[in-house]
Amino acid sequence: MPKAKTYTFKAETKQLLNILIHSLYKDREVFLRELLSNASDALNRLRFEKLTNPDVLDPETELSIRISVDKDNRTITVSDTGIGMTREEIVDHLGTIAQSGARRFLEAAREQSLDASGMIGQFGVGFYSVFMVAEWVRVTSRSFRPDAEAVSWYATGDDSYQISAAEKTGRGTEIQIKLKEDTAEFAEEYRLKNIIHKHSDYIGFPIYVGAEEKPVNKQTSIWRTSKQEVTDEQYKEFYRQTTLDFEDALLHIHFVTDAPVQLYALLYLPSKAERGIFALRKDDGLKLYSRNILIDEYNKDLLPEYMRFVQGVVDSEDLPLNVSRETVQSSGLMPKLKKVLTNQVLKELENLAKNDAEKYQVFWKEFGGYIKQGVSSSPADADKLNGLLRFKTNLNPEAWSSLEDYTGRMKPDQKVVYYIVGDDPKSVLRSPHLDHFHGQGVEVLLLTEPMDSFMLMGLHKYKDFELQNVAQAQLPEPEKKENEPEKIAEADFTSLVERFKQVLGERVVDVRASNRLSQSVARLVDEAGAPNPELQRVYRYLGKDFEVSKKILELNPSHNILKNLLKLDSGAELQTLVIEQIYDSALLVEGLHPDPSSIAPRVQQIIEAALSK
Ligand code: ADP
Ligand code: MG
C-alpha cells in the first residue's frame, strides 16, 4: 500500500459538503452531468494543448469518456483521456472552492426550498455534487505531462481527504464512485444512458457506456443541432445552465447562416432586465465559440451596445482557432457577424410584436429603454427600431400604441406626430400645453421616461411625419367658440403683463397672451430658435449642471385667476406672491424646476393671505 497523506478540507468546502449530503435533492442524477462536463473540459483543454505542444503523454489515444458499472459492488467509474491532474493540481482543484458564492447560493436555495441540484455546476463546485450519491469517491489521475506521476484522491464526504501515489498507465482521470445504498439505481447502464441523453447529449466527445463500442451521446452542441431536434425543455435547461436565471427566457432565437458568414447562434431574451442576485453572467456579452471551442466568455462586439440584454452563444466556422482576441477583432469578421446577428434579433422582435402583442408588452416594459437608446445610438437600425417603439398617449393613456397605431388614428389634415415631454404620466396629462390638443381631440405621445429624451435625439421623423414637441408646435388659430369666457380688456391686460415682467425680471424673456390655453392660467414656451429642450433634459438626467434656458411666459387672458389678480392693488404683496407662484408652477409642470420644495413656504404665505380675507 502506498503511503497516504491526509488533508483537511477548507471550512467553506466542509460546509458545502454538509449541505450537499444532508439536503434531499430530487434531482440527484445531475451528479453525472457534472462529472461528464468536467471530463469534457479536461478533453477540451488537452485538445487545446496539443495545438501548440506535441509533447504530451499518449498523443494517439482517442479523446473520449468511458463509464463502467459494477452492479454487485455498487460502483460506477467515469474515466477520461483528458488533461489529467498532477498532485498539486488535485489538491488545489478538489480541496478548495474557487468561487466564494457557492455556499451562499446553496444556503439560500435550501431556505427557499429551491432545488439547487440543477444549478450546482455553475458555481465551480460541480464536482462535489457527486457526494449527493456517493459513500466514497476515489479520483485517480495522471497529467498529460510525460514525466508526471499518477496520483489518487480519496474522500468520504467528511472533513478530510487523502492523497497517495497511484498506478495508472494512461493519461487522464478516472473517478470511481461507491454509491450509497439508497442510490443503487445509478448502478444500471440503462439508467446512466438515460441521464446522458437527458443532460449530456451535446458533449463534444464520445461517451461509451459499458462494453459498447458505439458512443451513447450525439456529440453536437445544442446550437449546432437542428431546431427540429431540440425540445423546449432542452432550450430551457441550456438557458438555465448558462445564465442561472431562475425564470425562463421570454424568447429564444436559434439560427444558422452560411452567407455572408458562417455562424450558429442560440440567443435568448431574458424575461427580466434585472439580473438576479445569483446570476451567473457577471458581465454583458455573448459566448463566442469557434468550431465548438470557447474562445471568449463575454464578447461585446457581436451585438450593438443597446442589445446588451441578449444572452447566448455564437459559434462560427470562419473564426480562426487558437488566435488571440486581438486577432479576432482585427480579422474584419466581427462586423459581419454583428450585422447578421443584429438583423436577426430585430427581425425576431418585429415578429414578436406582430404575432404576440401580449408577450411583446412584457418585453417592452422590461427592455423598452434599451430600444429607445438604440434609436439614438444606432442610426443604421433606427428604421426598424422605430417600429418597435411603444407609447402611451393623451387619448390612450392606458394602452401601448406604436407609431403606426398613432399615424393610423391621425386627423385627416394632421401633418406631424405630436409629443409632450414630462416627468411622469400623470402630471404630464395636466400640462397646459395639452389644453389645445385635448380640446381638438388631437393625440399626443406622452414621453415621460429619462430614455425618451435620448431617443428624441435620434427620432426626428416617422415615415413622412415629423415629430414635434407640443410646447413648440405652430398651430392654426383656434376657431372662436360659443360661450367662451370673456377676455380681460386690452389695457388692463397690458398693465398686468407689465406687473409680471416687473416681478419676474430676468427670469423670463417675455410675457404675453396666448390663445392656446383654456384650463390653465399660464405656460412656458421657448423662444423661436432656443436651444433644444430635450438636450436640456438629457443634461439633467446625466446629472450635469444645467441652466434652464429662459422662456416666454404665456398667459391665458380669460382666466379667473388673472381677473382676480387685477382686482388687487398693483404692487400688493399677495399679487407678487401669486405671480411668483404662477411662474414656479409652470416650471414644475415642465419638469424643469431646479428646487421644487422651495415652493412650500410661499404656498403657505398665500394660504395665510387667502384665509385672512
Ligand atoms: P468547475 O468544473 O466549475 O471548475 P468542479 O467542481 O466541477 O468545478 O471541478 C473543479 C476542478 O477540478 C476543475 O476546474 C478541474 O480543474 C478539476 N477537475 C475536475 N474533474 C476533472 C477531470 N476529469 N480532469 C481534470 N481535471 C478535473
Ligand atoms: Mg465542473
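Is R240 buried, exposed or partly exposed? Hold on to that one for a moment, everyone. This is a predicted model, and I'd like to walk you through a few spots in it, starting with charged pairs.

So, R240: its relative accessible area is 25%, which makes this arginine partly exposed, because buried would need under 20% and exposed over 50%. Its partner is D248, and the closest N and O atoms of that salt bridge sit 3.8 Å apart. D248 is partly exposed too, at 34% relative accessible area.

Right next door in the numbering we have E247, whose side chain meets that of K272 in a salt bridge, at 3.2 Å from N to O. These two come from distant parts of the chain, 25 residues apart: E247 belongs to the loop between α6 and β9, while K272 belongs to the loop between β10 and β11. Both ends count as partly exposed, with E247 at 37% relative accessibility and K272 at 39%. Elsewhere, E29, E185, R191 and K198 are joined into one network by salt bridges that share partners.

How many salt bridges does a search of the whole structure find? The count is 30. One of them pairs D315 with R224, at 2.8 Å from N to O. Here the chain separation is 91 residues, with D315 in strand β13 and R224 in the loop between β8 and α6. Do look at D315 on the screen: its relative accessibility is 0%, so this aspartate counts as buried.

Now to the backbone. Most residues other than glycine have a negative phi, and most peptide bonds are trans. With that in mind, here are some places to click on. D58 has a positive phi, near 45°, and you'll find this residue in the loop between α2 and β2. D58 counts as partly exposed, with 26% relative accessibility. R74 also has a positive phi, near 60°. The loop between β2 and β3 is where R74 lies, and at 18% relative accessibility R74 counts as buried. Then there is the peptide bond joining A259 and P260, which is cis, with omega at about 0°. P260 is in the loop between β9 and β10.

Let's move on to helix packing, towards the end of my tour. How do α17 and α18 pack against each other? Residues 560-567 make up α17 and residues 573-589 make up α18; the angle between them is about 155°, and their axes are 10 Å apart. That angle is over 145°, so α17 runs roughly antiparallel to α18. The crossing of the two is left-handed.

While we're in α18, please pick out D584, which is part of that helix. With a relative accessible area of 7%, D584 is buried. D584 and I599 are 15 residues apart in sequence, and their C-alpha atoms are 7.4 Å apart in space.

Last stop, the surface. M457, L535, Y539 and L542 form a nonpolar patch there, and together they have about 340 Å² of accessible area. Of these, let me single out L542, which is placed in the loop between α16 and β21. L542 has a relative accessible area of 46%, so this leucine is partly exposed.

That's my tour, thanks for listening, and do shout if you'd like to go back to any of these spots.

Terms used
Residues are numbered from 1 along each chain as its sequence is written. Chains are lettered from A and ligands numbered from 1 in the order in which they are written. This is a predicted model: local features need pLDDT of at least 70, side-chain atom pairs count only at pLDDT 80 or more; totals for chains, interfaces and linings use all residues. Side-chain values use heavy atoms; hydrogens and water are left out. Patches are made of residues with over 30% relative accessible area and no salt bridge: like charges are joined within 9 Å, nonpolar side chains (Val, Leu, Ile, Met, Phe, Trp, Tyr) within 5 Å. Accessible areas come from the Shrake-Rupley method with a 1.4 Å probe; for residues, only the protein chains shown count as cover. A salt bridge is a side-chain nitrogen of Lys or Arg within 4 Å of a carboxyl oxygen of Asp or Glu. Helices (H or I, at least four residues) and strands (E, at least two) are DSSP runs, numbered from the N terminus. Buried means under 20% relative accessible area, exposed over 50%, partly exposed in between (1.4 Å probe, protein chains only). Axes are lines fitted to C-alpha atoms, for helices over the stretch in contact, and angles run from 0 to 180 degrees between N-to-C directions. Angles under 35 degrees count as roughly parallel, over 145 as roughly antiparallel, 65 to 115 as roughly perpendicular and the rest as oblique. A crossing is left-handed if the near helix is turned anticlockwise from the far one by less than a right angle, and right-handed if clockwise.
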